[in-house]
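Visitor: I should like to learn how features of a protein model are read. May we go through some of them in turn?

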Protein chains: 2
Amino acid sequence: MARNCRFAVAVHVAALLAMEEQSRTSEWIAGSVNTNPVVVRRILSALAKAGLVISTRGINGGSTLAKSPERITLLDLHRAVDEEETPALHNQPPNPACPVGRNIQSVLVRVMDRAEAAKEAVLATTTLADVTGALRAATG
Amino acid sequence: MARNCRFAVAVHVAALLAMEEQSRTSEWIAGSVNTNPVVVRRILSALAKAGLVISTRGINGGSTLAKSPERITLLDLHRAVDEEETPALHNQPPNPACPVGRNIQSVLVRVMDRAEAAKEAVLATTTLADVTGALRAATG
DNA sequence: CCTTTATGTAACAGCTCTCGTTCCGATTTG
DNA sequence: CAAATCGGAACGAGAGCTGTTACATAAAGG
């Protein structure tokens with residue numbers, strides 16, 4: 001599969017907007033991400049639906065953050081662009097006549113939910129302001 | 001994408017072997033997982049390479065656990081069957097002429113590594129014996 | 001040695017997802 | 001009305017996963 005890079009692009013786009021004063025067009029953003037403006041607009045559309053950015057059309061149109069970078073976490077961005085990942089279970093339901101097959105999925109769901117929650121807890125501790133701070137430190 | 005369900009099958013297979021006294025064939029296992037024996041053998045092959053199961057060919061052949069269920073964690077199973085998931089970054093490298101594009105990936109890798117470590121820490125706390133215990137509790 | 005049974009694995013088709021692209025309508029400004 | 005920009009549909013290319021067939025390899029028993 002072509003690996004899902006929506007989250008990476010979303011963080012990239014949000015970081016760009018956080019570091020820019022003005023509203024920016026999808027074409028300008030695409031220049032930094034090195035992709036097609038439509039790909040950027042798809043990400044921006046998801047972020048807008050989550051209330052993280054605001055976009056306007058027409059001349060002088062473009063996008064800006066809807067909230068301050070301190071109030072946007074990486075978990076917000078992750079949930080905005082990635083489908084709620086149901087824990088990856090069997091494609092075909094297991095054999096219900098087998099004691100293991102009948103109950104394995106509920107056991108799996110419980111563990112995977114805990115693991116996913118731990119991952120999301122880490123993403124929730126990092127804000128967009130942390131990211132731009134790290135970027136400024138790396139730039140020098 | 002056809003969602004990756006190797007981890008779910010791996011836990012299922014390992015739980016079956018943990019609850020059976022005897023060596024079991026891939027065909028028998030496939031009956032509980034409800035899939036093709038070759039799919040099961042692919043999982044078993046990965047588990048064998050990780051030193052978690054032992055398989056023998058020929059008449060009376062089949063697979064058994066290589067270690068006691070208390071000494072196999074879900075993290076062991078996860079690492080055995082899932083490619084080392086490099087954090088999902090951009091497909092095309094970002095524009096190096098942009099300060100954000102030049103540094104965003106290293107910042108992303110740092111955060112994603114922490115998030116992945118948190119997830120793996122949860123998987124490491126659950127053993128195959130815990131899984132079979134939950135299965136027995138659900139069955140009985 | 002030969003038959004039987006089982007694993008190991010390559011090869012292939014079908015499916016789904018993602019991305020990049022083209023295209024067109026809608027909206028805003030002047 | 002013209003220009004610029006977003007919104008989003010539609011399509012093809014490419015990649016990964018699963019299920020299947022096919023065949024070589026290996027072990028056990030007569």
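Visitor: In which helix is the place of Lys119(A)?

Guide: Helices are DSSP runs of H or I with at least four residues, numbered from the N terminus. Lys119(A) belongs to helix α5 (residues 99–124) of chain A. This is a predicted model, in which local features need pLDDT of at least 70, side-chain atom pairs count only at pLDDT 80 or more, and totals for chains, interfaces and linings use all residues. Residues are numbered from 1 along each chain as its sequence is written, chains are lettered from A, and side-chain values use heavy atoms, without hydrogens and water.

Visitor: Which side chain of opposite charge is nearest to Lys119(A)?

Guide: Lys and Arg count as positive, Asp and Glu as negative; His and the chain ends are not counted. A salt bridge needs a side-chain nitrogen of Lys or Arg within 4 Å of a carboxyl oxygen of Asp or Glu. For Lys119(A) the nearest candidate is Glu116(B), 4.2 Å away, and Lys119(A) has no salt bridge.

Visitor: Is Leu74(B) buried or exposed?

Guide: Buried means under 20% relative accessible area, exposed over 50%, and partly exposed in between (1.4 Å probe, protein chains only). Leu74(B), in helix α4 (residues 74–81) of chain B, has a relative accessible area of 1% and is therefore buried. Lys119(A) is buried as well.

Visitor: With which residues is Leu74(B) in contact, leaving aside its neighbours within four places in sequence?

Guide: Contact means heavy atoms within 4.5 Å. On that basis, the partners of Leu74(B) beyond those neighbours include Val111(A), Phe7(B) and Leu123(B).

Technical notes. Helix = DSSP H or I, 4+ residues; strand = E, 2+ residues; numbered from the N terminus.
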